[in-house]
Each structure stands twice: as structure tokens, then as C-alpha cells.
Amino acid sequence: QVQLVESGGGLVQPGGSMTLSCAASARLSSDYTMAWFRQAPGEERAFVAVGPWRGSRTYYADAVKGRFTISRDNSKNTGYLQMNGLKPDDTAVYFCAAGRPILSSLRTVEGYSIWGQGTQVTVSS
């Protein structure tokens, strides 16, 4: 079974940038959409970004729109989340996920069947 491993997290100052990587242990078909979720202490796991879906579409949570960019390098079986203009509220454990979501489940945990273990992102001065 394919496994996902996140990397690239750590401590960053407010306003800074950070890129997270999500490496798959084996080839992931382009039929599988990759997404990012995050979970802060005491909060539920929340959608961050997904794409490309159905060839080209990407979707972002309102809280990160314009600051985060999701991408994927199929030749490396790796997805990425580029985060710019980081805020303290972005502090969370970030999880990558893969699956075959339909439109109604793109932003839901239930839409994805494969999950990484998470990487901590802390935004603080």
C-alpha cells in the first residue's frame, strides 16, 4: 500500500515562507488527487488545499487563499505546499492526503483514503 510522508515543517517567523513536501512511497496515479489538511491543538482537522483535481482545478481554504500554493511533481511522486506570508494562526500539524474525491468531498477528511503522519509547522517570533 502506498504511504505518504510529509517533510519540511519547523519553526518560521510570522511573514515568512515554508515549503512542505509529501513523498509517496510508490507511484501514485494521476487519478489520485493530493490534498493538504491541518490540525491545531484542540481543533478538528481542517481542509487547506487540494489539486490538481479533474486535470487542473485547485481549491483553497479561505484562510490561506492567496498565500498558499499546492503543486505536484508526478515524476517524483511528490506533492508540495508552498506557504507564504505565514501567520501565527497557521500553526498546526500539516497532513498530506491522497484519494479520489468527488466535488462534494474535496474539502473533507472522508474524501481521502491515504494519509501521511503529519509535520509540525510553528509560526512564531
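This section describes the nonpolar core, the backbone geometry, the largest pocket and selected residues of a predicted model.

The largest nonpolar core holds 36 residues. Among these, Leu4, Trp36, Phe68, Leu81, Met83 and Tyr94 touch the most other members. Two or more residues each are given to this core by β3 (18–24), β4 (33–39), β5 (46–53), β7 (68–73), β8 (78–83), β9 (92–99) and β11 (119–123). For Leu4, residues up to four places away in sequence being set aside, the contacts include Cys22, Ala23 and Ala24, together with Leu28. The list for Leu4 further contains Cys96, Ala97 and Ala98, as well as Ile114, Trp115, Gly116 and Gln117.

One of the residues touched by Leu4 is Gly116, which is placed in the loop between β10 (114–115) and β11. Gly116 has a relative accessibility of 6% and therefore counts as buried, the cut-off being under 20%. Beyond its neighbours within four places in sequence, Gly116 is in contact with Leu4, Glu6, Phe95 and Cys96. A further spatial relation links Gly116 to Gln3: the two are 113 residues apart in sequence, while their C-alpha atoms are 6.9 Å apart in space.

Several backbone features were identified. The peptide bond that runs from Gly51 to Pro52 is cis, and its omega is near -5°. Pro52 itself belongs to strand β5. Arg54 is located in the loop between β5 and β6 (57–60). Although Arg54 is not a glycine, its phi is positive, at about 55°. The relative accessible area of Arg54 is 59%, so this residue is classed as exposed, for which the cut-off is over 50%. A positive phi is also found at Asn77, with a value of about 50°, although Asn77 is not a glycine. Asn77 lies in the loop between β7 and β8.

The largest pocket contains about 220 Å³ of space. Its lining includes Ser30, Asp31, Tyr32 and Thr33. Pro52, which follows the cis peptide bond from Gly51, also lines the pocket, as do Trp53, Arg54 and Gly55. The lining is completed by Arg72, Asn74, Arg100 and Pro101. By residue class, the lining divides into 4 nonpolar, 4 polar and 4 charged residues. Arg54 thus combines a place in the pocket lining with a positive phi and an exposed state.

Thr78 is located in strand β8. With a relative accessible area of 10%, Thr78 is buried. The side chain of Thr78 reaches the backbone oxygen of Lys76 at 2.8 Å. When neighbours within four places in sequence are left aside, Thr78 is in contact with Ser21, Cys22 and Ala23, and also with Arg72 and Asp73. One of these, Arg72, is part of the lining of the largest pocket.

Asp73 is found in strand β7 and counts as partly exposed, at 23% relative accessibility. With neighbours within four places in sequence excluded, the contacts of Asp73 are Thr78 and Tyr80. The C-alpha atoms of Asp73 and Ala24 are separated by 11 Å, and the two residues stand 49 residues apart along the chain.

The loop between β6 and β7 contains Ala63 and Val64. Val64 is buried, with a relative accessible area of 0%, whereas Ala63 is partly exposed, at 47% relative accessibility. Apart from its neighbours within four places in sequence, Val64 is in contact with Arg38, Val48 and Asp90. The distance between the C-alpha atoms of Val64 and Thr91, which are 27 residues apart along the chain, is 12 Å. For Ala63 and Asp89, 26 residues apart along the chain, the C-alpha separation is 9.2 Å.

Terms used:
Residues numbered from 1 in each chain as written. Predicted model: local features only at pLDDT ≥ 70, side-chain atom pairs only at ≥ 80, totals over all residues. Heavy atoms only, no water. Core = buried A, V, L, I, M, F, W, Y, C linked by side-chain atoms within 4.5 Å. Buried < 20%, exposed > 50% of the residue type's maximum accessible area, 1.4 Å probe, protein only. Helix = DSSP H or I, 4+ residues; strand = E, 2+ residues; numbered from the N terminus. Contact = heavy atoms within 4.5 Å. 1 Å grid on protein atoms, 1.4 Å probe; cavity = no way out; pocket = protein on both sides within 12 Å on 5 of 7 lines; lining within 4 Å. Points joined across faces, edges and corners; volume = space filled by probe spheres on them. Nonpolar A, V, L, I, M, F, W, Y, C, P; charged D, E, K, R; others polar. Polar contact = N/O pair within 3.5 Å; in protein donor to acceptor, adjacent residues only side chain to side chain.
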